[in-house]
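Got the viewer open? Let's walk through a cluster of charged side chains and then step back to the sheet around it.

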Amino acid sequence: MASNPLQGAQFVLAAHRIHQLPADQGAEVAFAGRSNAGKSSALNALTGHRGLARTSKTPGRTQQMVAFSMPSLAQGDGQPPLQVRLIDLPGYGYAKVPPELRDHWKQEIDAYLHQRRSLRGVVLIADIRHPLKEFDRMMLEFCFQTHLPCHLLLTKADKLSRGQAAQALAAMRKQFGVEGLQASVQVFSSSEGTGVEEAREAVVTFLRQPRE
């Protein structure tokens with residue numbers, strides 16, 4: 001079994017506003033998605049840390065931007081190790097929260113995506129059983145227009161047969177082609193481990209690449 005490059009992730013802090021996040025240096029990848037799409041489970045599976053991100057039967061537990069530090073990534077050409085983080089963005093669109101808090105999340109996520117210079121890519125989480133929601137489309141469009149790499153995890157693939165999951169993946173790739181989007185996409189299941197290695201590779205690739 002291959003070693004996990006994301007192993008060793010640790011909780012750092014939960015921020016209500018972007019200026020409360022760790023210093024904007026090094027490299028980080030953000031995880032975004034609706035509150036019931038399985039974002040926390042995906043983070044736990046990728047890091048190999050079952051209790052890293054809180055999971056709950058009640059969606060919307062992530063109500064702040066949560067920063068996780070990871071061991072530094074080695075770089076070639078004699079460069080110093082790269083300081084890296086994962087950022088869990090607030091789950092959006094499902095949680096039963098006051099409208100003013102939901103508006104705050106929207107503003108802070110928008111500010112984070114536009115202003116955070118250490119951001120190298122976004123992992124977008126979406127339930128494979130359902131069409132993309134408005135938030136998902138907004139995130140994909142933003143990443144495409146700003147040349148920010150985006151990797152879409154079609155989660156809960158264990159709820160479908162292998163054939164159905166393959167059809168859903170093919171349909172999503174076709175949809176991307178029709179709409180002119182360039183995000184990468186894969187099938188994923190945190191409970192069965194489907195696609196975990198592929199997703200880890202995508203995250204590490206994002207972290208290693210320079211910001212345009």
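Start by selecting aspartate 24, and keep in mind that this is a predicted model. Its relative accessibility is 36%, so aspartate 24 counts as partly exposed. Find it in the loop between strand 1 (10-15) and strand 2 (27-33).

Now add arginine 116 and show both side chains. Aspartate 24 and arginine 116 form a salt bridge, at 3.7 Å from N to O. The two residues are 92 apart in the chain, and arginine 116 sits in the loop between helix 2 (99-115) and strand 5 (119-127). Buried or exposed, this arginine 116? Its relative accessibility is just 7%, so arginine 116 counts as buried.

Keep arginine 116 on screen and select glutamate 28. Here is another salt bridge: the side chains of arginine 116 and glutamate 28 meet at 2.7 Å, N to O. Glutamate 28 belongs to strand 2 and arginine 116 to the loop between helix 2 and strand 5, so this pair ties together parts 88 residues apart in sequence. Check the surface view as well: glutamate 28 has a relative accessible area of 0%, so it is buried.

Next, add arginine 85. Its side chain meets glutamate 28 in a salt bridge, with 2.7 Å between N and O. Arginine 85 is in strand 4 (residues 82-88) and glutamate 28 in strand 2, so the link spans 57 residues of sequence. Both of these partners are buried.

With the four side chains shown together, which residues make up the network? Asp24, Glu28, Arg85 and Arg116 are joined into one by salt bridges that share partners. Across the model, the count of salt bridges comes to nine.

Time to switch to cartoon. Look for an open sheet of seven strands in the order 1-3-4-2-5-6-7, with mixed pairing. Strand 1 and strand 7 (184-187) are the edges, each pairing on one side only. Follow the sheet across and the twist averages 25° from one strand to the next.

Zoom in on strand 2 and strand 5, which pair in the parallel sense over six bridges. Glutamate 28 turns up again here: its bridge partner in strand 5 is leucine 119.

For the last stop, select helix 3 (residues 134-146). What does this helix lie across? You'll find strand 2, strand 5 and strand 6 (150-155) there, with helix 3 running at about 155° to strand 5.

Notes:
Residues numbered from 1 in each chain as written. Predicted model: local features only at pLDDT ≥ 70, side-chain atom pairs only at ≥ 80, totals over all residues. Heavy atoms only, no water. Helix = DSSP H or I, 4+ residues; strand = E, 2+ residues; numbered from the N terminus. Buried < 20%, exposed > 50% of the residue type's maximum accessible area, 1.4 Å probe, protein only. Pairing = 2+ DSSP bridges. Axes fitted to C-alpha atoms, helices over the stretch in contact; angles between N-to-C directions. Contact = heavy atoms within 4.5 Å.
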